[in-house]
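Subject: Structure for you to look over

Dear colleague,

I am passing on the structure we spoke about, with the sequence alongside. Please open both before reading on, since my notes follow below.

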Amino acid sequence: MLAPGYSVIDGTLLEHDGTYYLFYKEKEFGVKTGERRAIRLATSQKPEGPYTVIEGPMNEGQIVPVITEGPTAVKDMNNPGWLLLYDYCMTNRFGVSYSPDLIHWSVEENASFPSEARHGCVSIITSEEARKLVEMFGTCH
């Protein structure tokens, strides 16, 4: 259960070492806080919760302090740590942040993505699985 006192959408869940990490988009509009529509993080010891919102170093807990949505968290295949992929809402951009520990995040400024990239997920497959998919469906253009 997550009940932060504002609307939540686009949740994605990742389990690591017995802790569940819930990345989500907050949708908060209020006199005290103003407009906040960015990715946040909550953790729990059980997938069903209860979840505790992590108040981190970036914008009072927001991982990416601008209007973002559609987070997907994955293990970094090239470095120790984690990657978080997301949309920059209504700007036709896609972004990525890096974390060594799933709590402290920094935006990767030198990342590039296909122009069509939007909400999505990452699936790790073998070379053989990739070959079969290309045989069946061809390549993307």
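The lining of the largest pocket is made up of eight nonpolar, three polar and four charged residues, in what you should keep in mind is a predicted model. The volume of this pocket comes to about 200 Å³, and of the 15 residues that line it, Y88, R93, F94, G95 and A111 are the ones that lie nearest its centre. Strand β8 (93–99) contributes four residues to the lining, which is the largest share.

Since β8 comes up again in several places, I take its surroundings next. Six of the seven residues of β8 are buried, so that the strand is mostly covered. The strand belongs to an open sheet of four strands, ordered β6-β7-β8-β9 with antiparallel pairing, in which β6 (68–75) and β9 are the edge strands, each pairing on one side only. In general, the strands of a sheet pair through backbone hydrogen bonds, in either a parallel or an antiparallel arrangement. Between β7 and β8 there are seven bridges in the antiparallel sense; among the paired residues, Y88 has R93 as its bridge partner in β8, and D87 has F94. Of these, Y88, R93 and F94 are also among the residues that lie nearest the centre of the largest pocket. On its other pairing, β8 is joined to β9 by two antiparallel bridges, with Y98 standing opposite S106 of β9.

The two hairpins of this sheet each hold a residue with a backbone angle that you may wish to inspect. The hairpin of β7 and β8 has four residues between its strands, and M90 there takes a positive phi near 60°. The hairpin of β8 and β9 has six residues between its strands, and L102 in the turn has a positive phi of about 70°. As background, most residues other than glycine have a negative phi, and most peptide bonds are trans. L102 has a relative accessible area of 0%, and because buried means under 20%, this loop residue is classed as buried.

L102 also leads to the interior of the model. The largest nonpolar core has 13 residues, and those that touch the most other members are F23, L41, L84, L102 and W105. Two or more residues come from each of β2 (19–30), β4 (39–44) and β7 (82–88), and β7 gives the largest share, namely four residues. Apart from this core lies another one, of five residues, including Y6, L22, A42 and Y51. Nonpolar side chains in soluble globular proteins do tend to be buried together.

Which residues cover the two faces of β4? On one side are I39, L41 and T43, on the other R40, A42 and S44, and all of them are buried. Because six of the six residues of β4 are buried, the strand is largely enclosed by the rest of the structure. β4 runs antiparallel to β5, to which it is joined by two bridges, and A42 stands opposite V53 of β5.

One of the residues of β4, R40, is also involved in a polar contact: its side chain meets the side chain of E26 at 3.2 Å. E26 itself is in strand β2 and is buried, with a relative accessible area of 0%, so you will find this contact formed by two residues that are both classed as buried.

Two loop features remain. The first concerns the loop between β4 and β5 (52–53), where P50 is located; the peptide bond that joins G49 and P50 is cis, with omega at about 10°. The second concerns D17, in the loop between β1 (7–16) and β2, for which phi is near 50°, a positive value in a residue other than glycine. Is D17 buried or exposed? D17 is exposed, because its relative accessibility is 68% and the class begins over 50%. L102, by contrast, has a positive phi near 70° and is buried.

With best regards

Technical notes:
Residues are numbered from 1 along each chain as its sequence is written. This is a predicted model: local features need pLDDT of at least 70, side-chain atom pairs count only at pLDDT 80 or more; totals for chains, interfaces and linings use all residues. Side-chain values use heavy atoms; hydrogens and water are left out. A nonpolar core is a set of buried Ala, Val, Leu, Ile, Met, Phe, Trp, Tyr and Cys residues joined through side-chain atoms within 4.5 Å. Buried means under 20% relative accessible area, exposed over 50%, partly exposed in between (1.4 Å probe, protein chains only). Two strands pair if DSSP finds at least two bridges between them. A polar contact is a pair of N or O atoms within 3.5 Å; within protein, one must be able to donate a hydrogen and the other to accept it, and residues adjacent in sequence count only if both atoms are side-chain atoms. On a 1 Å grid over the protein atoms alone, a cavity is a set of points where a 1.4 Å probe fits but cannot get out, and a pocket is an open set with protein on both sides within 12 Å along at least five of seven lines; lining residues have an atom within 4 Å of a point. Grid points are joined across faces, edges and corners, and a volume is the space filled by probe spheres set on the points. Ala, Val, Leu, Ile, Met, Phe, Trp, Tyr, Cys and Pro count as nonpolar, Asp, Glu, Lys and Arg as charged, and the others, Gly among them, as polar.
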